[in-house]
Amino acid sequence: MILRGFIKKEIIQTLRDPRLGVMVLLTPVIQILVFGYAITNDVINIRLGAYFQPRDVIAQDIYRSAIASRWFLPVDTSDVAPEQAILSGKVDAVIVAPEGGATKAVGRGDGKLQLLINASNVLRARAIDGYIQSIVHNVCWQNGSSPIHIVTRPLYNPALETTTFIVPGIIAMILTILVMMLTCTSIAKERESGTFETIISAPIKRRDIILGKTIPFAMIGLFNTFVVLIAGMLFFDLPFRGNFFVFLVENLLYVICAVTLGLLMSTFVKNQQQSMLCSFIVIFVLMMLSGSFFPIDNMPVWLRWVAYANPLAHHTFLVRNILLKGGDAVYVTQHCLAILAATLFIALCSFSRFKITLN
Amino acid sequence: MSNVNAANANSYHIVEVKNLNVVFGSFFAVKDVSFFVNKGEIFGFLGANGAGKTTTIRVICGLLCATSGEVIVDNEHFIPGKEDIIKSKVGYMSQRFTLYNDLTIKENLAFAAAIHKVPRKTMQKNKSELFELVKIDRDESDLVADLPSGIKQQIALVAALIHNPTLVVLDEPTAGVSPASRAQFWALIKRLTEIGKTVFVTTHYMDEAENCNRIALMRSGELIAVGSGQELKQNTFKQQIYSITPKNELTKEQIRDFSQKCDLFKPYGIHFHVIPKDGQSMGDFETIANVENVTPSLEDVFVQLVEGDR
């Protein structure tokens, strides 16, 4: 009897609040969609470049077989050096034939092929190495040639440490979770406790409230980023190969994006409970589509576009690029512009929705 | 109502509300409300829950936009871009003493001063004057969460007054505090008018409403009466009110029977306040109860005007 009363009351209360009801019903649907589409460990759409002589038949066979396998996408890298092609993000891996060509080397019995891989994503790097080994083995077997030894050079993470790949993603995520949730919950708390009424009864501009409610959390978020970064460097040997100033500016840009997102979320919620649930849903989607855990290139094309609209994805790319690769200027600029565009769009939505009346 | 307005036509109206309408969807929260508040008076705003009191107050304080109508505060019209001028003249204390529980008294007041753009020196001066006026005897480093509700109420009032507003708007300021704190708070409200403030207050307590210079009564979003307590009583009750004290407990049939013979038949503790219908003598009552003449209270007015037509 007592239990029935409790259960009935809780269900009624949860479903009677329309926002909470929608969130509760929407969350599992979003989760199943994102998990279903985003989570796959099959590594595909690997951008592969190659450096070999036009008459190097074996190298040509290997490259053609790789493309035919459908794991790889061909990329023309003739205009750029192998390492630069990877640094700029043009390719994920390149095959480099030895001087004189792979065919001649195989003929001499010391067939070697160099494979350069972007190992800032360890899981992807390991898979690429495995695919190429298998393809080369098959080509040799089909041609009846002597075996070719693959010399793999994992760039930016030579020891293929998983933590080196995961920790930059975690840094990006922590900043997002902290800043977004703090901003949204703080505003929801003001509304719930009635202090928002007191604030808007003062001769204060909307701009002042927005800045007053976001700057402190942006500062906390930025401070925390460096705390987590130092912890990552101390405990997980995380390298810092980029420019500190570039890293600072990029984080500042992203933290502004995260607070505006928190502000936008706050315009949809009325209390802290709704704020927590809303934050949970948004953060979940942002994380899953950030490339931190599951490569964006593996997602269906439509979901990839959604992921590219996700500022956390660009921030994660940048944190990895700056920390592990040293930060390619073009790459950093491109992704910073993507974050800036997202920030402007979110800020526009937040400002138009954030009211300083109770209407 | 119009007579009362005319009688005060020569006073300076610090608040003027003209044909105010506030509509939420198809619901009229406030319907064609017009009244004024004289400078230096305590103006009481009474009504049942949902009568539109808080909505009206929120429009006056600039928290809510009116659907139509005009609100003038200290000669300033509420028009886009001028809200700040009016807001700086109004000190608003909402129903829930909206202070930050996790901040100290000092921090709460510093924040209130900051959002009202009060310079530090002015804030210190205003604060010490207000502490003296309110007679607060607490350490400023005390957390608000640790304060009893009576003190919270006083601190909330100081926060509302920190920018030295002309008009003080108090939305049910004594809800949820002890009777002793209520009495103290009303003494404080009177002191505010002595230093030149105008107080606009809503309350549920009829005994408190007796302290107001003038009172407005709201019902279902409409203003049904405005005037001094005395005027409201005289206008509402043209006839004598009697207090009857039954010698024995009345039966349901007797109560029903008496109700039908009366324009007013309202329990009042162990007594009943009664106005017999025209031509009805008090003789019937005298057989079973002691009958006395009484002066009507504001509660009688409230029951008659606000709840009478229910």
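**Figure 1. The hairpin of β12(B) and β13(B) carries a glycine with positive phi.** With 2 residues between its strands, this hairpin has B:Gly269 at a positive phi near 70 degrees. Please keep in mind, here and in every view that follows, that the model is predicted. Strand β12 spans residues 262–268 of chain B and strand β13 spans residues 271–276 of chain B; the two pair in the antiparallel sense, over 6 bridges. If you would like one pair to find your way by, look for B:Pro267, whose bridge partner in β13(B) is B:Phe272.

**Figure 2. An open sheet of 5 strands in chain A.** Reading across the sheet, the order is β2-β1-β3-β4-β5, with mixed pairing. Which strands sit at the edges? They are β2 (72–74) and β5 (149–155) of chain A, each of which pairs on one side only. On average, and with direction ignored, neighbouring strands of this sheet are turned by 30 degrees against each other. Helix α6 (residues 122–143) of chain A packs on the sheet and touches β1 (46–51), β3, β4 and β5 of chain A. The direction of this helix makes about 155 degrees with that of β4(A).

**Figure 3. Strands β3 and β4 of chain A run antiparallel.** As background, strands of a sheet pair through backbone hydrogen bonds, either parallel or antiparallel. In this pair, 4 bridges join β3 (residues 93–96) to β4 (residues 112–118) of chain A. A handy place to start is A:Val94, which stands opposite A:Leu116 in β4(A).

**Figure 4. Helices α10 and α13 of chain A pack against each other.** Two packed helices are described by the angle between their axes and the distance between the axes. For α10 (residues 244–266) and α13 (residues 311–325) of chain A, the angle is about 165 degrees and the axes are 11 Å apart. Angles over 145 degrees count as roughly antiparallel, so α10(A) and α13(A) are roughly antiparallel to each other. The crossing in which α10(A) passes α13(A) is left-handed. On the α10(A) side you will find A:Val246, A:Phe247, A:Glu250, A:Tyr254 and A:Cys257, which meet A:Pro311, A:His315, A:Leu318 and A:Ile322 in α13(A). By class, the residues of this contact between α10(A) and α13(A) are 7 nonpolar, 1 polar and 1 charged.

**Figure 5. Helices α5 and α6 of chain B cross at roughly 140 degrees.** Helix α5 covers residues 120–134 of chain B and helix α6 covers residues 149–161 of chain B, and their axes come within 10 Å. Are these helices roughly antiparallel or oblique to each other? Since the roughly antiparallel class takes angles over 145 degrees, α5(B) and α6(B) are therefore oblique. Their crossing is right-handed. B:Leu130, B:Phe131 and B:Val134 in α5(B) meet B:Gln154, B:Leu157, B:Val158 and B:Leu161 in α6(B). The residues of this contact of α5(B) with α6(B) comprise 6 nonpolar, 1 polar and no charged.

**Figure 6. A:Asp237 and B:Asn164 sit in loops with positive phi.** A:Asp237 is not a glycine, yet its phi is positive, near 55 degrees. Look for A:Asp237 in the loop between α9 (206–236) and α10 of chain A. A:Asp237 counts as exposed because it has 12 C-beta neighbours inside 10 Å. B:Asn164, also not a glycine, has a positive phi of about 55 degrees. The loop that holds B:Asn164 lies between α6 and β7 (167–171) of chain B. With 17 C-beta neighbours inside 10 Å, B:Asn164 counts as partly exposed.

**Figure 7. The contact between the two chains, seen from the side of chain A.** How many residues does each chain bring to the contact? Chain A gives 14 residues and chain B gives 17 residues. On the side of chain A that touches chain B, helix α8 (residues 195–200) gives the most, with 5 residues. That side of chain A has 6 nonpolar, 7 polar and 1 charged residues.

**Figure 8. Chain B as a setting for the close-ups.** The secondary structure of chain B comprises 12 helices and 14 strands. Taken along the principal axes, its C-alpha atoms fill a box of roughly 70 × 45 × 40 Å. Of the 310 residues in chain B, 40% are buried. Among contacts in chain B between residues at least 6 apart in sequence, 72% join residues at least 24 apart.

How values were computed
Residues numbered from 1 in each chain as written. Chains lettered and ligands numbered in written order. Predicted model: local features only at pLDDT ≥ 70, side-chain atom pairs only at ≥ 80, totals over all residues. Pairing = 2+ DSSP bridges. Axes fitted to C-alpha atoms, helices over the stretch in contact; angles between N-to-C directions. Contact = placed C-beta atoms within 7 Å. Parallel < 35°, antiparallel > 145°, perpendicular 65-115°, else oblique. Left-handed = near helix turned anticlockwise from the far one by under 90°. Nonpolar A, V, L, I, M, F, W, Y, C, P; charged D, E, K, R; others polar. Buried ≥ 20, exposed ≤ 12 C-beta atoms within 10 Å, placed from the backbone.
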